[in-house]
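Work through the exercises below with the sequence and the model side by side. Try each task before reading its solution.

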Amino acid sequence: MENRYIRQERFQGVGEKGQEKLRISRVTVIGLGALGSMAANNLARAGVGFIRLVDRDVVELSNLQRQMLYTEADVKSQVPKAHAALKHLQEINSENAYEAVVTDANSATIDSLISDVDLVIDGTDNFEVRFLMSEACLHHKKNWIYGGTRGSIGMTKNFIYGEDQPCLRCMMSYDGARNMPTCATEGILNATTAILASLETNEAIKILIGSDAVRKEMLYFDLWQNRSRKIPVVKNEECPVCGYGQYSFYGKNTGMQAAELCGRDSVQVVPAEEEHIDFMSFAERLKPFGTVTVNAFTLDFDDGTYGVKLFKNGRAIIKNVLDANRAKSIYTKYVTNQLPEKK
Amino acid sequence: MGVVRFLLFNYPDTLPELPFTFRPGMTIRDLAEECAQVSGVTAPASEMLNTGAMVDGKYVSTDYKFDGSEGAVDFMNQIGDG
């Protein structure tokens with residue numbers, strides 16, 4: 001019988017035993033942008049048996065320059081990235097199992113996303129989710145891989161669970177990591193994201209098969225300047241998170257959440273409690289206020305000034321707005337206040 | 001003798017590494033201000049302090065006081081897009 005993994009098995013670091021370990025491995029990829037979609041692609045082709053695909057957004061035209069898994073047809077159909085990725089990955093390797101989850105990774109959803117997998121891969125675009133991921137992985141004793149990129153620069157670090165191992169908070173603070181320039185303002189090269197995602201994938205494979213070649217340091221590279229460097233990171237005994245167990249993100253319920261989306265004049269709003277919205281009846285309620293279109297995954301509303309892309313679980317992307325509080329007000333007006341009362 | 005390393009993406013022309021003797025009692029803030037005066041370091045102290053620093057692989061605040069045993073300080077922007 002033809003073996004699609006024969007070249008990978010011949011690599012002595014993997015071998016047949018390593019391939020079998022990949023087959024029974026379970027991975028969650030959180031965020032399916034440039035890094036996450038490429039990592040999912042690599043993992044699927046490498047034969048990782050189960051891949052959970054988590055993303056809150058839909059495919060947009062400006063994604064196609066670097067998000068290798070998607071096509072113009074995905075943009076046209078406004079399909080959520082998780083479902084677009086699932087479809088393409090099934091076409092690439094139908095031997096694996098996939099699960100598409102269209103949701104925001106937050107303190108309410110994170111347990112269900114990571115508790116039953118061997119490894120979590122970071123494809124996110126903000127440090128709020130990364131700190132949450134770091135704390136949740138610590139709580140669930142999971143390994144995870146951080147990756148961040150901008151312009152021609154990439155940075156990645158493996159976080160292996162263990163009492164003597166550092167966590168994300170050992171190497172940075174949330175305050176220090178906020179308000180950094182983004183790809184939307186500073187640009188991004190597709191070679192940067194492809195290489196960084198491949199580095200993440202390569203480490204993922206080593207971790208999953210139990211290789212002793214797993215990188216311990218943080219890796220930094222600048223493709224444009226032709227520089228790379230490995231930076232040691234060690235456990236900080238005084239770390240509030242892994243040293244004293246004081247979580248700042250995991251297990252914290254802070255009501256309706258609003259977060260600006262990477263340079264898109266949009267704000268994502270996540271309700272305090274998940275909803276189950278019937279789009280057809282909800283569309284009727286919104287029609288007096290503007291135009292409404294519905295597909296299988298989203299409801300799009302436009303009042304002439306603001307746009308609302310609503311998902312069935314109540315999460316929404318408010319368009320043409322920069323201020324989180326303004327976005328919450330728009331959400332309250334067009335979503336919260338139009339929802340039928342809960343019985 | 002220790003080393004200060006710079007990974008500050010707005011200042012790619014800054015020296016990648018600077019040999020430095022960390023004196024007991026000096027703070028990260030003092031260090032950033034001294035480094036900013038060195039020829040070849042184009043980044044201002046404020047940029048170095050913007051995201052804090054790692055001392056021998058551990059994140060520290062700008063008030064961290066050196067005891068003289070330290071080997072390396074990394075001034076490093078965090079990169080968050082994906």
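## Exercise 1: A bridge between two strands

This is a predicted model. Task: find which residue stands opposite A:Asp55, and in which strand.

Solution. A:Asp55 faces A:Val102, which belongs to β3(A). Next, place A:Asp55 itself. Strand β2 of chain A covers residues 50–55. Now look at the pair of strands. β2 and β3(A) run in the parallel sense and share 6 bridges.

## Exercise 2: The sheet of 8 strands

Task: give the strand order of the open sheet of 8 strands in chain A, and name its edge strands.

Solution. Read across the sheet. The order is β3-β2-β1-β4-β5-β6-β7-β8 in chain A. The pairing is mixed. Then check the two ends. β3 (97–102) and β8 (227–231) of chain A are the edge strands, and each pairs on one side only. Last, take the twist. Ignoring direction, neighbouring strands are turned by 15 degrees against each other on average.

Task: what does helix α11 of chain A lie across?

Solution. Start with the helix, residues 190–209. Then list the strands under it in chain A: β1 (26–30), β4 (119–122), β5 (143–150), β6 (153–159) and β7 (218–222). Finally, take the direction. α11 runs at about 170 degrees to β5(A).

## Exercise 3: The sheet of 6 strands

Task: explain why β9 and β11 of chain A each have one side without a neighbour in the sheet.

Solution. First, write out the order of this open sheet: β9-β10-β14-β13-β12-β11 in chain A, with antiparallel pairing. β9 (257–261) and β11 (291–294) of chain A stand at the edges with a single partner strand each, so one side of each lacks a neighbour in the sheet. From one strand to the next, the twist averages 20 degrees.

Now follow β9(A) to its partner. It pairs with β10 (residues 266–270) of chain A in the antiparallel sense, over 5 bridges. One bridge joins A:Leu261 to A:Ser266 in β10(A).

Add the helix. α12 (residues 279–286) of chain A lies across β11, β12 (298–302) and β13 (307–311) of chain A. Its angle to β12(A) is about 5 degrees.

## Exercise 4: Where two chains meet

Task: describe the interface of chain A and chain B by residues, area and contacts.

Solution. Count residues: 40 of chain A are in contact with 23 of chain B. Then take the area. The two chains bury about 2500 Å² between them, with 58% of it on carbon and sulfur atoms. Between these chains there are 0 salt bridges. There are 10 residue pairs in polar contact. On the side of chain A that touches chain B, β5(A) gives the most, with 5 residues. By class, that side has 21 nonpolar, 12 polar and 7 charged residues.

## Exercise 5: A salt bridge within chain A

Task: which residue meets A:Glu95 in a salt bridge, and how far apart in the chain are the two?

Solution. The side chain of A:Glu95 meets that of A:Arg4, at 3.5 Å from N to O. Locate both. A:Glu95 sits in the loop between α5 (81–92) and β3 of chain A, and A:Arg4 in the segment before α1 (6–10) of chain A. They are 91 residues apart. Over all chains, the structure holds 15 salt bridges.

Technical notes: Residues are numbered from 1 along each chain as its sequence is written. Chains are lettered from A and ligands numbered from 1 in the order in which they are written. This is a predicted model: local features need pLDDT of at least 70, side-chain atom pairs count only at pLDDT 80 or more; totals for chains, interfaces and linings use all residues. Side-chain values use heavy atoms; hydrogens and water are left out. Two strands pair if DSSP finds at least two bridges between them. Helices (H or I, at least four residues) and strands (E, at least two) are DSSP runs, numbered from the N terminus. Axes are lines fitted to C-alpha atoms, for helices over the stretch in contact, and angles run from 0 to 180 degrees between N-to-C directions. Contact means heavy atoms within 4.5 Å. Buried area is the accessible area (1.4 Å probe) that two parts lose on being put together, summed over both. A salt bridge is a side-chain nitrogen of Lys or Arg within 4 Å of a carboxyl oxygen of Asp or Glu. A polar contact is a pair of N or O atoms within 3.5 Å; within protein, one must be able to donate a hydrogen and the other to accept it, and residues adjacent in sequence count only if both atoms are side-chain atoms. Ala, Val, Leu, Ile, Met, Phe, Trp, Tyr, Cys and Pro count as nonpolar, Asp, Glu, Lys and Arg as charged, and the others, Gly among them, as polar.
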